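Please open the structure in a viewer and keep the sequence at hand. The tour below proceeds one selection at a time.

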Amino acid sequence: PACTSKGCPAPNTLLEEIAEALSIACPNCGCVQDPNPDGCIAMQCAHCNAAYCWLCFQTCGRDAHKHCLNQHGDYFPPTRAVEMWHCRWRWRRVKALLWRHCGANE
């Protein structure tokens, strides 16, 4: 059934917004990032050069290595750990999007 809530976007618009929310983006500029980089979780955006943590998406100024080691204990966590963090991050983005469009002001 279609959403009949006031302010709820058309289904195609909502699907596009959900797809965008599921894309992994730079926490500084929002540009979509490589969804499967190899190597260290201390990342740098190719678009804005911001350093950030690939695990928790915390921006880290010019270099994310210190944050990654201090907060996560490693530069190369197991793939499964990264997948779990990203799943949680995506879920929060989609949940916030749905609340914003269909449930926050009811």
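**First stop: the cysteines**

Select C60 and C68: the sulfur of C60 has its closest cysteine sulfur in C68, 6.0 Å away, which is too far for a bond. A disulfide would require the two sulfur atoms to lie within 2.5 Å. The count of disulfides comes to zero. Please bear in mind throughout that the model is predicted. C60 itself counts as buried, because its relative accessibility is 17% and the limit for that class is under 20%. Next, select C87, which is exposed, with a relative accessible area of 53%.

**The overall layout**

Now return to the whole chain and colour it by secondary structure. The protein has three helices and two strands, and along the sequence they follow the pattern α-β-β-α-α. Of the 106 residues in the protein, 30% are buried. Among contacts between residues at least 6 apart in sequence, 46% join residues at least 24 apart.

**The largest nonpolar core**

Select I41, Y52, W54, F57, A64 and C68. Within the largest nonpolar core, which has 18 residues, these touch the most other members. Then show β1 (42-44), β2 (51-53) and α3 (79-103), each of which supplies at least two residues of this core. The largest share, three residues, comes from β2. For a second, separate core, select L14, I18, A21 and V94, which are included among its five residues. As a general background to both selections, nonpolar side chains in soluble globular proteins tend to be buried together.

**The aromatic cluster**

Keep Y52, W54 and F57 on display and add W89: these four form one aromatic cluster. How many aromatic pairs does the count come to? The count comes to three. One of them joins Y52 and F57, which are stacked, with 6.3 Å from centre to centre and 15 degrees between the planes. Both Y52 and F57 are buried.

**Two residues with positive phi**

Stay with F57 and look at its backbone. F57 lies in the loop between β2 and α2, and its phi is positive, about 65 degrees, although F57 is not a glycine. By way of general context, most residues other than glycine have a negative phi. F57 has a relative accessible area of 7% and is therefore buried.

Select N49 next, in the loop between β1 and β2. N49 is likewise a residue other than glycine with a positive phi, near 65 degrees. Is N49 buried, exposed or partly exposed? At 48% relative accessibility, N49 counts as partly exposed.

**Helix α2 and H67**

Move on to helix α2, which covers residues 65-72, and select H67 within it. H67 is buried, with a relative accessible area of 16%. Which residues does H67 contact, leaving aside its neighbours within four places in sequence? They are C53, C56, Q58, C60 and H72. C60, the cysteine from the first stop, thus reappears here as a contact of H67.

**Along helix α3**

Select α3 from end to end. Its 25 residues should span 36 Å at 1.5 Å a residue, and the end C-alpha atoms are 34 Å apart, which agrees. Then select V82, H86, W89, V94, L97 and H101, which are buried in α3. Two of these residues have appeared already: W89 belongs to the aromatic cluster, and V94 belongs to the second core.

Pause at H86, in helix α3. H86 counts as buried, at 5% relative accessibility. Which residues does H86 touch, not counting those up to four places away in sequence? The answer is I24, W54, L55 and F57. H86 and W54 are 32 residues apart in sequence, while their C-alpha atoms are 8.7 Å apart in space.

**Last stop: a charge over a ring**

Finally, select W85 and R88. R88 lies over the face of W85, at 5.7 Å from the ring centre.

Notes: Residues numbered from 1 in each chain as written. Predicted model: local features only at pLDDT ≥ 70, side-chain atom pairs only at ≥ 80, totals over all residues. Heavy atoms only, no water. Phe/Tyr/Trp six-rings, centres within 6.5 Å; stacked < 30°, edge-to-face > 60°. Buried < 20%, exposed > 50% of the residue type's maximum accessible area, 1.4 Å probe, protein only. Lys NZ or Arg CZ within 6 Å of the ring centre and 35° of its normal. Helix = DSSP H or I, 4+ residues; strand = E, 2+ residues; numbered from the N terminus. Contact = heavy atoms within 4.5 Å. Core = buried A, V, L, I, M, F, W, Y, C linked by side-chain atoms within 4.5 Å. Expected span 1.5 Å × (residues − 1).
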